[in-house]
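Trainee: I am new to this structure and would like to walk through it with you. Could we take it piece by piece?

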Amino acid sequence: MSNLSSRPPVWSYWVVLPSFVLLWALVASFLKTPLLPTPLHVLDTLIRESASGELWHHLSATLGRVIVAFILSMLLGTAIGVVMGRSKTANALFDPMLVLLLNLPALVTIILMYVWFGLVEVAAVMAVVINKVPNVAVTVREGARSLDYRLEEMATVYDFTRWQRFRDVWVPQLFPYLMAATRGGLALIWKIVLVVELLGRSDGIGFQLHLAFQIFDVAAILAYSLTFIAVVQLIELIILQPLEHRSSRWRQPEATHA
Amino acid sequence: MLELRIAGRSYGQPVLGEVFATIERGDRICLLGPSGIGKTTLLNAIAGLDKTIPAEAIIGQEKLKVGYLFQEHRLLPWRTLSANLQLAGATPREAEVHLASVGLEGYGHYLPDQLSLGMARRAALARCLAVKPDLLLLDEPFASLDPVMAGELKVLIAGLLDANPGMAMICVTHDGGDAEILANRLWYLDGKPAQLQWDDVVGEPRLLNALLGKLRDPEGFGLV
C-alpha cells in the first residue's frame, strides 16, 4: 500500500522518459511527415524561438497570468473554505454555489467573461480564478473541518490571540490541504490559462499555440508545450518541495526521545 | 477566591447538575468519582470551555488565571517546548525556568513528539506554570504512566504546590492513594445529573477512609 502511493525511484524517470523520446524519434524518422517532427527538429525550433526572444516574451506573459490567478484563487478559496468548514450557515449558503461552479466547464466561464467584460486582461484572469476557487475551497474546507478541537480548547484556556490561533494552531493543521490545493492548482491553472489565451489574448503560450495550429506547425506546438512543462516542474522542484520539506520537519524528529 | 455556581445545562440531558462550592487559595482538591460521571465536564466548566454552561454561572472575584493539564499533553507538535510555553505567556527566560522546574532543563528546543509520555506530560505541566496560575486544573495526571513515573510526578506536583502556596488545585483522579499524597480537600462527584456528594477536608481520616472504602466497593455506601 505505502509502496504504491509513494513516488517511484528517480532512475525510473531517467529510463522511461529517454526511452519515450527514442521511440518518438524512431517513429518520426520512419513516417517522415511534418505532422510528427523528430525530437531534434523540435529542439531546433525551441532554440530558434528562444534566440529570437519570442519564447521568453510569451512564456513570461503566460507565467504572469498563472501567478496572479494562482495567488488570487488561493487567497479567496482558502478564506471561503475556512469559513465553510467552521460555520454550518456559511456551508449551507456556499455549498450549492460550489456544486454549480465545480460542474461548470472552464470553457463556459471563459466565454462568459470575454462576452461580458471584453477581451481584456481582467476578464482572462477572472475566468481562471472563478474556475479554480471552488477546488481550493473544497480542499481547504476538508482541512478546516478536521481541525483538532482539543487544540482549540487548549488555545482558549491559554488565551491565544487571534493571530496566534491562526499562525500556530490553524495554519500548521491546514498546511497539507493547502499544499494539495497548490499542487492541483498549478496544474489546473496553467492549462486553463492556455485556453484563455487561445480564445482572447494576443500574447502568451496559448496564443502561440493558436497561431501554430492554424499553420499546422507541430514542431512549434511541441516546443512551447515542453517549455512550459519544464517551467512547472521547476516550480515544483525549487519552490514547492523545499517548502513542504521545511514545514513538515516536525513530523520526522531527528532524534528519538531521550 | 472562586465561588463556583453551576446550575446545570438548561437544555438537553444535563451531565452536571447543580454544583456549588467555594475554592480558596491553597486548596488542594482531589476530585473523585465513578468514571464517565462528568469530572472532566466539571473541569471544562471551571476553565470556561463548556459553552453550554452559562458563563455567569461561575463567579470569581477577579479574572482567575487557570493552568489546565489536559489528559493528553495538547502541546503544539510543530512548535518546540519553549515556543509552546511562550505561547502561553512566558518569556523565553521564564520558559527555561519553568521547564527546569519540572525536570526538563535544556529541553526547550525539543519538539513534543521527541519526548516520552511522561516527559510530555511534565512539559504540559510546565506550560500550566507559564500562565502563573491561580488555579491549577489537572485531569488524571497519572493515567497511563508506569508506577515509578506516576510516583515521581506526584512528588513533583506536591513540590510545586508547596512552592506556590497561593495556588489552588483541582486534580481529577480515580485513585484514593493520589488524594492521600496531594489533597487537603476531597470532592466526590456522583449521581445523574452529577452533583458534589461530598466536599470534605482530608484532615478527618474517618472521612477519607470511608471514601476510599466506597471507591473500592461502590455498592457499600458505608459511612454515616
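Mentor: Gladly, and let us settle one term before we start: helices and strands here are DSSP runs, with at least four residues for a helix and at least two for a strand, numbered from the N terminus. Keep in mind too that this is a predicted model.

Trainee: Thanks! With that term in hand, where does Asp159(A) lie?

Mentor: Look at the end of helix α8 of chain A, since Asp159(A) follows that helix. Asp159(A) belongs to neither helix beside it, and its place is the loop between α8 and α9 of chain A.

Trainee: What is the phi of Asp159(A)?

Mentor: Most residues other than glycine have a negative phi. Asp159(A) is not a glycine, yet its phi is positive, with a value near 50°.

Trainee: Is Asp159(A) buried, partly exposed or exposed?

Mentor: A residue needs 20 or more C-beta neighbours within 10 Å to be buried, and 12 or fewer to be exposed. Asp159(A) has 13 inside 10 Å, so it counts as partly exposed.

Trainee: Which residues of helix α8 of chain A are buried?

Mentor: The helix spans residues 149-157. What covers its buried residues includes α9 (162-200) of chain A together with β5 (66-69) of chain B. The buried ones are Leu151(A), Met154(A), Ala155(A) and Val157(A).

Trainee: How wide is the arc that the buried residues of α8(A) cover around the axis?

Mentor: An α-helix has 3.6 residues a turn, so residues three or four places apart point the same way. The buried residues of α8(A) sit on the same side of the helix, because the arc they cover around the axis is only 160°.

Trainee: Now for chain A as a whole: how many helices and strands does it have?

Mentor: Reading from the N terminus, the elements run α-α-α-α-α-α-α-α-α-α-α. Buried residues account for 30% of its 258 residues, and its C-alpha atoms fill a box of roughly 75 × 55 × 30 Å along the principal axes. The count for chain A is 11 helices and 0 strands.

Trainee: How is α4(A) oriented relative to α11(A)?

Mentor: Two packed helices are described by the angle between their axes and the distance between the axes. For α4 (residues 54-86) and α11 (residues 218-247) of chain A, the axes come within 11 Å and cross at roughly 50°. That angle makes α4(A), relative to α11(A), oblique.

Trainee: How do the residues of the contact of α4(A) with α11(A) divide into nonpolar, polar and charged?

Mentor: From α4(A) come Leu55(A), Leu59(A), Thr62(A) and Leu63(A), which meet Thr227(A), Phe228(A) and Val231(A) of α11(A). Sorted by type, they give 5 nonpolar, 2 polar and no charged.

Trainee: Staying in helix α4 of chain A, is Phe70(A) buried or exposed?

Mentor: Phe70(A) lies in that helix. Setting aside neighbours within four places in sequence, Phe70(A) is in contact with Gly185(A), Leu186(A) and Ile189(A). Since it has 22 C-beta neighbours inside 10 Å, Phe70(A) counts as buried.

Trainee: On to chain B. How many helices and strands does its secondary structure come to?

Mentor: Chain B has 224 residues, of which 45% count as buried. Its secondary structure comes to 7 helices and 9 strands.

Trainee: Which residues are buried in helix α3 of chain B?

Mentor: This helix covers residues 92-101, and its buried residues pack against α2 (81-87) and α4 (117-130) of chain B. They line one face of α3(B), because they fall within an arc of 165° seen down the axis. Their names are Ala95(B), Glu96(B), His98(B) and Leu99(B).

Trainee: Is Glu140(B) buried or exposed?

Mentor: Glu140(B) sits in the loop between β6 (135-139) and α5 (147-163) of chain B. Although Glu140(B) is not a glycine, its phi is positive, about 45°. With 21 C-beta neighbours inside 10 Å, Glu140(B) counts as buried.

Trainee: Last one: how many residues does the contact take from chain A and from chain B?

Mentor: On the side of chain B that touches chain A, the residues divide into 14 nonpolar, 2 polar and 4 charged. The contact takes 16 residues from chain A and 20 residues from chain B.

Notes: Residues are numbered from 1 along each chain as its sequence is written. Chains are lettered from A and ligands numbered from 1 in the order in which they are written. This is a predicted model: local features need pLDDT of at least 70, side-chain atom pairs count only at pLDDT 80 or more; totals for chains, interfaces and linings use all residues. The arc is that of the directions from the helix axis to the C-beta atoms. Two residues are in contact if their C-beta atoms, placed from the backbone, lie within 7 Å. Axes are lines fitted to C-alpha atoms, for helices over the stretch in contact, and angles run from 0 to 180 degrees between N-to-C directions. Angles under 35 degrees count as roughly parallel, over 145 as roughly antiparallel, 65 to 115 as roughly perpendicular and the rest as oblique. Ala, Val, Leu, Ile, Met, Phe, Trp, Tyr, Cys and Pro count as nonpolar, Asp, Glu, Lys and Arg as charged, and the others, Gly among them, as polar.
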